[in-house]
Amino acid sequence: MEHPDLDLNLAEFSWCLYCECVHKTTSWQANGWECPGCGAGCFDLRPWEEILALVQDYPERPEEGQQYLQYVR
Ligand SMILES: [Zn+2]
């Protein structure tokens, strides 16, 4: 099943807006596009690249299951 947002189908990693954790996009897909960690819905994920654009210190290849805050305090 493809996600309606094309960017997400192309991303290797996707980030969850709720728990702020990263999972492989294929894991999201296998879980019906719900967060593998917290079960957030299919529109609560963002391609990892979008988070990288906000916080340049984050690694290009994030650690799976790791939490990365959107705003570093
Ligand atoms: Zn989540």
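This report walks through a predicted model, from its overall layout down to a few residues in and around its sheet.

## Overall layout

The protein has three helices and three strands. Reading from the N terminus, they come in the order α-β-β-α-β-α.

On size, the C-alpha atoms fit a box of roughly 35 × 20 × 20 Å along the principal axes. The radius of gyration is 11 Å, and that agrees with the value near 11 Å for a compact globule of 73 residues. Buried residues account for 23% of the 73. As for how the chain folds back on itself, take the contacts with a separation of 6 or more: 48% of them link residues 24 or more positions apart.

## The sheet

The three strands make an open sheet in the order 2-1-3, and the pairing is antiparallel. That leaves strand 2 and strand 3 as the edge strands, each pairing on one side only. From one strand to the next, the twist averages 35 degrees.

Now for the pairings themselves. Strand 1 and strand 2 are antiparallel and share three bridges. Phe13 has Lys24 of strand 2 as its bridge partner, while Ser14 sits opposite His23 in strand 2. Strand 1 also runs antiparallel to strand 3, again with three bridges. Here Ser14 turns up once more, with Pro47 as its bridge partner in strand 3.

## Strand 1, covered on both faces

Which residues of strand 1 are buried on each side? Phe13 and Trp15 are buried on one side, and Ser14 and Cys16 are buried on the other, so both faces of the strand are covered. The split fits the usual pattern: in a regular strand, side chains alternate between the two faces of the sheet.

## The nonpolar core

The largest nonpolar core has 13 residues, and the members touching the most others are Trp15, Cys16, Val22, Leu45 and Trp48. Strand 1 (residues 13-16) supplies the largest share of this core, with three residues. More broadly, nonpolar side chains in soluble globular proteins tend to be buried together.

Two of those well-connected members deserve a closer look. Trp15 belongs to strand 1. Trp15 counts as buried because 27 other C-beta atoms lie within 10 Å, against a cut-off of 20 or more. Setting aside neighbours within four places in sequence, Trp15 contacts Val22, Leu45, Arg46, Trp48, Ile51 and Tyr68. Trp15 and Glu50 are 35 residues apart in sequence, yet their C-alpha atoms are 8.9 Å apart in space.

Cys16 is in strand 1 too. With 22 C-beta neighbours inside 10 Å, Cys16 is buried as well. Leaving out residues up to four places away, Cys16 touches Cys21, Cys35, Gly37, Cys38, Ala40, Asp44 and Leu45. There is a long sequence jump here as well: Cys16 and Pro47 are 31 residues apart along the chain and 9.0 Å apart from C-alpha to C-alpha.

## Two residues with positive phi

Most residues other than glycine have a negative phi. Two residues here go the other way, and the settings are worth a look. Glu20 has a phi near 60 degrees, a positive value in a residue that is not glycine. Where is Glu20 found? Glu20 is in the loop between strand 1 and strand 2 (22-24). These two strands form a hairpin with five residues between them.

Trp33 is the other case, with a positive phi of about 65 degrees although it is not a glycine. Trp33 lies in the loop between helix 2 (25-30) and strand 3 (45-47).

Is each of the two buried or partly exposed? Glu20 has 16 other C-beta atoms within 10 Å, so Glu20 counts as partly exposed. Trp33 has 21 other C-beta atoms within 10 Å and is therefore buried.

Definitions and conventions: Residues are numbered from 1 along each chain as its sequence is written. This is a predicted model: local features need pLDDT of at least 70, side-chain atom pairs count only at pLDDT 80 or more; totals for chains, interfaces and linings use all residues. A nonpolar core is a set of buried Ala, Val, Leu, Ile, Met, Phe, Trp, Tyr and Cys residues joined through C-beta atoms within 7 Å. A residue is buried if 20 or more other C-beta atoms lie within 10 Å of its own, exposed if 12 or fewer, and partly exposed in between; C-beta atoms are placed from the backbone. Helices (H or I, at least four residues) and strands (E, at least two) are DSSP runs, numbered from the N terminus. Two residues are in contact if their C-beta atoms, placed from the backbone, lie within 7 Å. Two strands pair if DSSP finds at least two bridges between them. Axes are lines fitted to C-alpha atoms, for helices over the stretch in contact, and angles run from 0 to 180 degrees between N-to-C directions. The radius of gyration is taken over C-alpha atoms; the globule rule is 2.2 Å times the number of residues to the power 0.38.
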